[in-house]
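The following exercises practise the reading of contacts, burial and charge pairing in a protein model. Each task is followed by a solution in steps.

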Amino acid sequence: MSSSEDVGKCDARCAVAPDFSFVMAFQPVVDLNARRIYAYEALVRGSDGAGAASILAQVTPSNRYAFDQACRVKAIETAARLKLDRRLNINFMPNAVYHPEACLRLTLSAAKEHDFPADLITFEFTEDEQVIDRAHLKSIIETYRQHGFRTALDDFGAGYAGLSLLADFQPDVIKIDRCLVTEIDTSTPRQAIVAGLVKTAGILNISIVAEGVERMEEIKTLEEMGINLFQGYYFAKPTIEYLTLDHDIPWAMVN
């Protein structure tokens, strides 16, 4: 298929706009070493405050691409309006991307329109979505990097492929799922698995974020293992159209 045909296909898919509205909530990723918020992940929510599940349940094969594109634009527009000056993490659906270059046009246009630095955007793809075409995913990651975007593998350890996926693709960031983080302070198997991930990530020059942290003991254990980037309710819950600030984080509680 030619590049022009790919663009036309993407435009046609985008025309099938989702017939439901949504807003964005933001949850910070904190850097314990710097005592500073490192990034904010944009998370979809219903216009009435409903959780992500109620929105994602309305996504169908026919509106998946348009929804994916709309989420990117909404995240950038809202982040710019809130004057976000850290990294912005945006989730995307690899199986909804028809042509990497063509599918980035709207993202780049939104960043330019709202004067949001494109080099502050990290695209997260999750293990929860089975990657049907790994060569296609590799093309997506390479294209995004060429445009200055970073990539992150979300929910690592909870979905499809695991280490096999990491062997094929090396994102800039790995976000360890809470299934490996919960009660890691008392779980030798979890400690062994995460220690291996930390070592592997170091060799591959990949940053690690521990997701879903809810207890100080978990944070202490992970910090001792060499992890300093965290995301979870212990620090802050997602807030709709609001950015948690550095001084809102309970830094003193993890001294």
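## Exercise 1: A pair of charged residues

In this predicted model, Arg145 and Asp172 form a salt bridge, with their closest N and O atoms 3.8 Å apart.

**Task.** Determine in which parts of the chain Arg145 and Asp172 lie, and how many residues apart they are.

**Solution.**
1. Arg145 belongs to helix α6, which covers residues 134-146.
2. Asp172 lies in the loop between α7 (163-168) and β6 (173-176).
3. The two residues are 27 residues apart, and the pair links distant parts of the chain.
4. The distance of 3.8 Å satisfies the salt-bridge cut-off, within 4 Å.
5. Arg145 counts as partly exposed because its relative accessibility of 36% falls between the limits of 20% and 50%.

## Exercise 2: Arg81 and its partners

**Task.** State with which residue of helix α3 Arg81 forms a salt bridge, and how many residues apart the two lie. Then explain what the salt bridge between Glu241 and Arg81 ties together.

**Solution.**
1. Opposite charges are the starting point: side chains that carry them can pair when their charged atoms come close.
2. Arg81 forms a salt bridge with Glu77, and the closest N and O atoms are 3.0 Å apart.
3. Both residues lie in helix α3, separated by four residues, or about one turn of the helix.
4. Glu241 also forms a salt bridge with Arg81, with 3.6 Å between the closest N and O atoms.
5. Glu241 lies in the segment after β9 (239-240) whereas Arg81 lies in helix α3, so this pair ties together parts that are 160 residues apart in sequence.
6. Arg81 is partly exposed at 43% relative accessibility, Glu77 is partly exposed at 23%, and Glu241 is partly exposed at 30%.

## Exercise 3: The surroundings of Arg86

**Task.** Decide whether Arg86 is buried or exposed, and identify which side chains make polar contacts with the side chain of Arg86.

**Solution.**
1. Arg86 is found in the loop that runs between α3 (64-81) and β3 (87-91).
2. Its relative accessibility is 12%; Arg86 is therefore classed as buried, for which the value must be under 20%.
3. The side chain of Arg86 makes a polar contact of 3.0 Å with that of Asp85.
4. A polar contact of 2.9 Å joins the side chain of Arg86 to that of Asp246.
5. Leaving out residues up to four places away in sequence, Arg86 touches several others, including Tyr38, Tyr40, Phe116 and Leu120.

## Exercise 4: The nonpolar core

**Task.** Find which helix gives the most residues to the largest nonpolar core, and which residues Phe67 contacts beyond its neighbours within four places in sequence.

**Solution.**
1. The largest nonpolar core has 62 residues, and Phe67 is among those that touch the most other members, as are Phe26 and Leu88.
2. Helix α3 gives the most to this core, namely five residues.
3. With neighbours within four places in sequence set aside, Phe67 is in contact with Pro18, Phe20, Phe22, Val44, Ile55, Leu56, Val59 and Met93.
4. Another core, of six residues, lies apart from this one, with Val29 and Val173 among its members.

## Exercise 5: Cysteines

**Task.** State how many disulfides the whole structure holds, and compare the burial of Cys71 with that of Cys179.

**Solution.**
1. The search of the whole structure finds zero disulfides.
2. Cys71 is buried, with a relative accessible area of 10%, whereas Cys179 is partly exposed, with a relative accessible area of 32%.

Notes:
Residues numbered from 1 in each chain as written. Predicted model: local features only at pLDDT ≥ 70, side-chain atom pairs only at ≥ 80, totals over all residues. Heavy atoms only, no water. Disulfide = S-S within 2.5 Å. Buried < 20%, exposed > 50% of the residue type's maximum accessible area, 1.4 Å probe, protein only. Polar contact = N/O pair within 3.5 Å; in protein donor to acceptor, adjacent residues only side chain to side chain. Contact = heavy atoms within 4.5 Å. Core = buried A, V, L, I, M, F, W, Y, C linked by side-chain atoms within 4.5 Å. Salt bridge = Lys/Arg side-chain N within 4 Å of Asp/Glu carboxyl O.
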